[in-house]
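Subject: Structure handover

Hello,

Here is the structure I promised to pass on. Please look through it first; my notes follow underneath.

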Amino acid sequence: DAADKGEYRHYMLKEIYEQPKVIKNTLQGRISKDKILEQAFGTEAKAILDRAEHVQIVACGTSYHSGLVARYWLEEIAGVPCSVEVASEFRYRKFVVPKNSLFVTISQSGETADTLAALRLAKTLGYASSLAICNVAQSSLVRESDLAIMTEAGPEIGVASTKAFTTQLVALLLVTIALGRRHGLTAEAEAEMVAALHSLPEAIESTLTLDAEIKRKSEHFADKNHSLFLGRGAQYPVAMEGALKLKEISYIHAEAYPAGELKHGPLALVDADMPIVAVAPNNELIEKLKSNLEEVAARGGELFVFADVNTGLSSGPGLISVHMPTVASVIEPIIYTVPLQLLSYHVAVLKGTDVDQPRNLAKSVTVE
Ligand code: G6P
């Protein structure tokens, strides 16, 4: 029952722990052993996906961050060009509509005023079709889009979005594979990705076992006023989402940077009072990320790194590490989101804020 916190102290924690289950629900009926079941997206899906040569994603807040992750997937896996923009910017500027562009909105509530207005505008300006990735079936966004792929996160009560984000990523990965099929994605590559999707619930379960360790280590954070979150590649939007979570519920100023941009400004801020959080899966960017982290350490910054167990990044002077399980690279953005959710949660609890109802924020922003 969504309205019941059960054994959890806050809805946010309950919703973080629900992720293996709701991800399973979001995959339900949409994948077989080694393929995605595209028919499950609806009868109109085929024609809409066949036509799409470009994807324009528009969303707000956390949903915008899932769109940013999807851009990495769409361009790398599906070979489809993709642009992503926050709805409040998109709707008020002049833009060029690419040929055969699929307009994708992402929203937990389906009622966010700016996202809805952007969709209404897009429909008048020549986008080929519209797709909503949404968690509320009866919402305006779903009703007004040509196609909707529902996330099955169930009601999300904590204002800071958690399970809605990870289920959006799952839905976006399904869309990526479906589009990829039309642009040269092989059956073998699809099977590998579907295997990765199947592995998600268990991989999240094993990440959740890090909770007590993250709680302990979050104590280093609670007296800080500023922090920097770093990631590279698809982990950059994950870092952005981590920073947003921390801001929203702990009121600690948090900024996210692509790690390679450090030297172009933020390095000047680094000192012992500003913890630096980094997400470090063991991928092709790890050596580059490590050298970015060395630059931070050399300036006396305290590092807090969520690192794949095989990266060789282990706790030592100036470095607190939490070892993450090794997972298929395509699902890393989903898996590395979870410890950042837990970090913000525990920091907020230590600070004594109203975790589920942070000051000045609303669950759904239905007016401009
Ligand atoms: C508000 C919420 C955020 C959410 C954003 C977009 O700011 O506090 O958690 O990400 O709206 O909401 P949507 O329902 O469109 O995903």
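I start with one pair of residues: Thr105 stands opposite Ala132 in strand 4. This is a predicted model, so keep the filters in mind: local features need pLDDT of at least 70, side-chain atom pairs count only at pLDDT 80 or more, and totals for chains, interfaces and linings use all residues. Residues are numbered from 1 along each chain as its sequence is written.

A word on terms. Helices (H or I, at least four residues) and strands (E, at least two) are DSSP runs, numbered from the N terminus. Two strands pair if DSSP finds at least two bridges between them.

First sheet

Strand 3 (residues 101–107) and strand 4 (residues 129–134) run parallel and are joined by six bridges. They belong to an open sheet of five strands, in the order 2-1-3-4-5, with parallel pairing. Strand 2 (82–86) and strand 5 (147–150) are its edges, each pairing on one side only. From one strand to the next, the twist averages 20°.

Two helices to look at here. Helix 4 (residues 61–78) lies across strand 1 (54–59), strand 2 and strand 3, at about 170° to strand 2. Helix 6 (residues 113–124) lies across strand 1, strand 3 and strand 4, at about 165° to strand 3. Axes are lines fitted to C-alpha atoms, for helices over the stretch in contact, and angles run from 0 to 180 degrees between N-to-C directions. Contact between two residues requires their C-beta atoms, placed from the backbone, to lie within 7 Å.

Second sheet

Another five strands form an open sheet, in the order 7-6-8-9-10, and the pairing is parallel. Its edge strands are strand 7 (253–258) and strand 10 (319–324), each pairing on one side only. Here the twist averages 20° from one strand to the next. Strand 9 (residues 303–308) pairs with strand 10 in the parallel sense over six bridges. Leu303 has Leu319 of strand 10 as its bridge partner. Helix 13 (residues 332–351) packs on this sheet and touches strand 8 (276–280), strand 9 and strand 10. Its direction makes about 130° with that of strand 10.

Helix packing

What is the angle between helix 4 and helix 11 (residues 235–250)? They pack at about 165°, with their axes 9 Å apart. The two are therefore roughly antiparallel (angles over 145 degrees). Helix 4 passes helix 11 in a left-handed crossing (the near helix is turned anticlockwise from the far one by less than a right angle; clockwise is right-handed). Thr62, His65, Leu68 and Val69 make the contact from helix 4, and Pro237, Val238, Met240, Glu241 and Leu244 from helix 11. These residues divide into six nonpolar, two polar and one charged. Ala, Val, Leu, Ile, Met, Phe, Trp, Tyr, Cys and Pro count as nonpolar, Asp, Glu, Lys and Arg as charged, and the others, Gly among them, as polar.

Helix 4 also packs against helix 8, at about 25° and with the axes 9 Å apart. This pair is therefore roughly parallel (angles under 35 degrees). The crossing is right-handed. Helix 4 contributes residues including Thr62, His65, Val69 and Trp73, and helix 8 residues including Phe165, Leu169 and Leu172. The contact holds eleven nonpolar, seven polar and no charged residues.

Helix 2 (residues 19–27) and helix 8 (residues 163–181) have axes that come within 9 Å and cross at roughly 30°. Helix 2 passes helix 8 in a right-handed crossing. The contact is made by Gln19, Val22, Ile23, Thr26 and Leu27 of helix 2 and Lys163, Thr166, Thr167, Val170 and Ala171 of helix 8. Five of these residues are nonpolar, four polar and one charged.

Ligand shell

Which residues come nearest to the ligand? Of the 16 around it, they are Gly61, Thr62, Ser107, Ser109 and Thr112. A residue counts as near if its C-beta atom, placed from the backbone, lies within 6 Å of the molecule. Helix 4 gives the most to this shell, with three residues. The shell divides into five nonpolar, ten polar and one charged.

Best wishes

How values were computed
Angles under 35 degrees count as roughly parallel, over 145 as roughly antiparallel, 65 to 115 as roughly perpendicular and the rest as oblique.
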